[in-house]
Amino acid sequence: MSTPVLQKHYAEKVVPALKEKLGYTNPHQIPRLEKIVVTSCMGKAPDRKVAVDDAVAEIAKITGQKPSITYSKKAVANFKLREGEALGARVTLRGARMWEFLYRFINVTAPNIRDFRGISAKGFDGRGNYAVGFPDQSIFPEIELDQIKRTIGFDFIFVTSAKTNDEGRALLTELGLPFRDTKKAETTEGAAA
């Protein structure tokens, strides 16, 4: 199996750029992408079992890997939720599938989003990991629009080996993740006012 394009890009271009930018001497200090977790929760759907099956099918189409079903840990009467009931689906991508998924997301999916100006840079958790959510599955080219039964939202979690948010942001930016330029957005809003 050949090496994914984005993984080659990481080894050849991103590692030297991060080494210079962050001032590392040891190549093992340079942050790397460890995994991407794609999750979806169908907790509010009235027909939860069918909705979870739909979410499993959609995530499998998008990622190319069969997701696992997540179950509730305890019963909550106000939400009509029983303990052990199926709530959503989750898949963890590593290795070649992770790199291929990220490449498709950066180069195909993100440009398909209507009025796309970049994803928010506010989703970092303080340890270099980044989370972003998308409200529906229609942005993915793998999904046929006439086959959509219900709107399913997704969360992507990019888990990195970075120690700080700045290192994680530098890694994801070098990989090509299209972050929104907050300074440019503030100047255009100020000029319009």
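**Exercise 1.** Find which residues threonine 63 touches, not counting residues up to four places away in sequence.

*Solution.* Start with the rule: a contact means heavy atoms within 4.5 Å. By that rule, threonine 63 touches Val38, Val91, Leu93, Arg97, Phe101 and Arg104. Before going on, note that this is a predicted model, where local features need pLDDT (the predictor's confidence in each residue, from 0 to 100) of at least 70, side-chain atom pairs count only at pLDDT 80 or more, and totals for chains, interfaces and linings use all residues. Residues are numbered from 1 along each chain as its sequence is written, and side-chain values use heavy atoms, with hydrogens and water left out.

**Exercise 2.** Decide whether threonine 63 is buried or exposed.

*Solution.* Check the cut-offs: buried is under 20% relative accessible area, exposed is over 50%, and partly exposed lies in between (1.4 Å probe, protein chains only). Threonine 63 has 4% relative accessibility, so it counts as buried.

**Exercise 3.** Work out which backbone oxygens the side chain of threonine 63 reaches.

*Solution.* One is the backbone oxygen of isoleucine 59, at 2.8 Å. Another belongs to glutamine 65, at 3.2 Å.

**Exercise 4.** See how far you can trust the chain by its pLDDT.

*Solution.* Take the average: the protein chain comes out at a pLDDT of 85, and 93% of the residues score at least 70. Now look at residues 185–190: their pLDDT is below 50, and beyond near neighbours in sequence this stretch has zero contacts in the model. Where pLDDT is low, the predicted coordinates should not be read in detail.

Key
A polar contact is a pair of N or O atoms within 3.5 Å; within protein, one must be able to donate a hydrogen and the other to accept it, and residues adjacent in sequence count only if both atoms are side-chain atoms.
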